[in-house]
Amino acid sequence: MTEVIVLNGGSSSGKSGIARCLQAVLPDPWLALGTDTLVDAMPASMHASDAGIEFAPDGEVVVGPEFRTLEAAWIEGVAAMARAGARVIVDEVFLGGADSQQRWQKTLRDLRVLWVGVRCDGAVAAGREVARGDRVIGMAVSQADVVHRGVVYDLEVDTTHAESMECARAIAARVR
């Protein structure tokens, strides 16, 4: 039985909407946790810090060693919840492409994981980014392709023209 669903995609690609829809269509309760949860939980001093996480004016995201330390603990914590019986949907942005996936794979190695790529045309994601108003303009375009480089998926969905619920149903069909 699938214990963890990892949704990877760029900013404003639709991962959070898909996660909420998955919670509605999957028969069992699933926790939805995302990289935004991790960033929001960090102290303010780590925002705009060389050691923490910086959001450049052009949308580039740069992470430092203190961020990586907390991220590693976060990943271990998510895995521990799954091992304890919680089913978890992870809303992630693999800024490092395959290297980011490998960090998760190492920690989730003994769990059954469904790896899902959430794609969206950069221009469409950029429009969503502007409409949301809570993101640095440029993140969506800069992340649209880079987060998928070298990443291996069990399934890919594209939210450019598909609604979150349609994507969630396709993913739910692959959950065992």
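The following exchange goes through the sheet, a helix, the salt bridges and the cysteines of a predicted model.

Colleague: In which order do the 5 strands of the open sheet stand?

Modeller: The strands of this open sheet are paired in parallel, and β2 and β7 stand at its edges, each with a single partner strand, so one side of each is left without a neighbour in the sheet. Averaged over the sheet and with direction ignored, neighbouring strands are turned by 20 degrees against each other. Read from one edge to the other, the order is β2-β5-β1-β6-β7.

Colleague: Which residue in β6 stands opposite Ile-5?

Modeller: The strands β1 and β6 run parallel and are joined by 5 bridges. Within β6, the residue that stands opposite Ile-5 is Leu-114.

Colleague: What angle does the direction of α7 make with that of β7?

Modeller: The helix α7 packs on the sheet, where it touches β1, β6 and β7. Its direction and that of β7 make an angle of about 170 degrees.

Colleague: Which elements are included in what covers the buried residues of α1?

Modeller: The buried residues in α1 are Lys-15, Gly-17, Ile-18, Ala-19, Cys-21 and Leu-22. What covers them includes strands as well as a helix, namely β1, β2, β5, β6, β7 and α7.

Colleague: Is Lys-15, which meets Asp-91 in a salt bridge, buried or exposed?

Modeller: Side chains of opposite charge can pair when their charged atoms come close. Here the side chains of Lys-15 and Asp-91 meet at 3.8 Å, N to O, and the pair links distant parts of the chain, with Asp-91 in strand β5 and Lys-15 in helix α1, 76 residues apart. Asp-91 has a relative accessible area of 11% and is buried. For Lys-15 the relative accessible area is 6%, and because anything under 20% is classed this way, Lys-15 is buried.

Colleague: How many residues apart in sequence are the parts that Glu-156 and Arg-119 tie together?

Modeller: The side chains of Glu-156 and Arg-119 meet in a salt bridge at 2.4 Å, N to O. Glu-156 counts as partly exposed at 43% relative accessibility, and Arg-119 likewise counts as partly exposed, at 28%. Since Glu-156 lies in strand β7 and Arg-119 in strand β6, the parts that this pair ties together are apart in sequence by 37 residues.

Colleague: Which residues do salt bridges that share partners join into one network?

Modeller: The count of salt bridges comes to 9, and one of them is the pair of Asp-134 and Arg-132, whose side chains meet at 3.2 Å, N to O. In that pair, Asp-134 is partly exposed with a relative accessible area of 46%, and Arg-132 counts as partly exposed at 40%. Salt bridges that share partners also make one network, and the residues joined in it are Arg-68, Glu-71 and Arg-103.

Colleague: Why is Cys-120 not bonded to Cys-167, and what is the count of disulfides?

Modeller: A disulfide needs two cysteine sulfur atoms within 2.5 Å, and the closest cysteine sulfur to that of Cys-120 lies in Cys-167, 9.5 Å away, which is too far for a bond. Cys-167 is in no disulfide either, as the nearest cysteine sulfur, that of Cys-21, is 8.9 Å away. Cys-120 is buried with a relative accessible area of 9%, and Cys-167 counts as buried at 3%. The count of disulfides therefore comes to 0.

Methods:
Residues numbered from 1 in each chain as written. Predicted model: local features only at pLDDT ≥ 70, side-chain atom pairs only at ≥ 80, totals over all residues. Heavy atoms only, no water. Salt bridge = Lys/Arg side-chain N within 4 Å of Asp/Glu carboxyl O. Helix = DSSP H or I, 4+ residues; strand = E, 2+ residues; numbered from the N terminus. Buried < 20%, exposed > 50% of the residue type's maximum accessible area, 1.4 Å probe, protein only. Contact = heavy atoms within 4.5 Å. Pairing = 2+ DSSP bridges. Axes fitted to C-alpha atoms, helices over the stretch in contact; angles between N-to-C directions.
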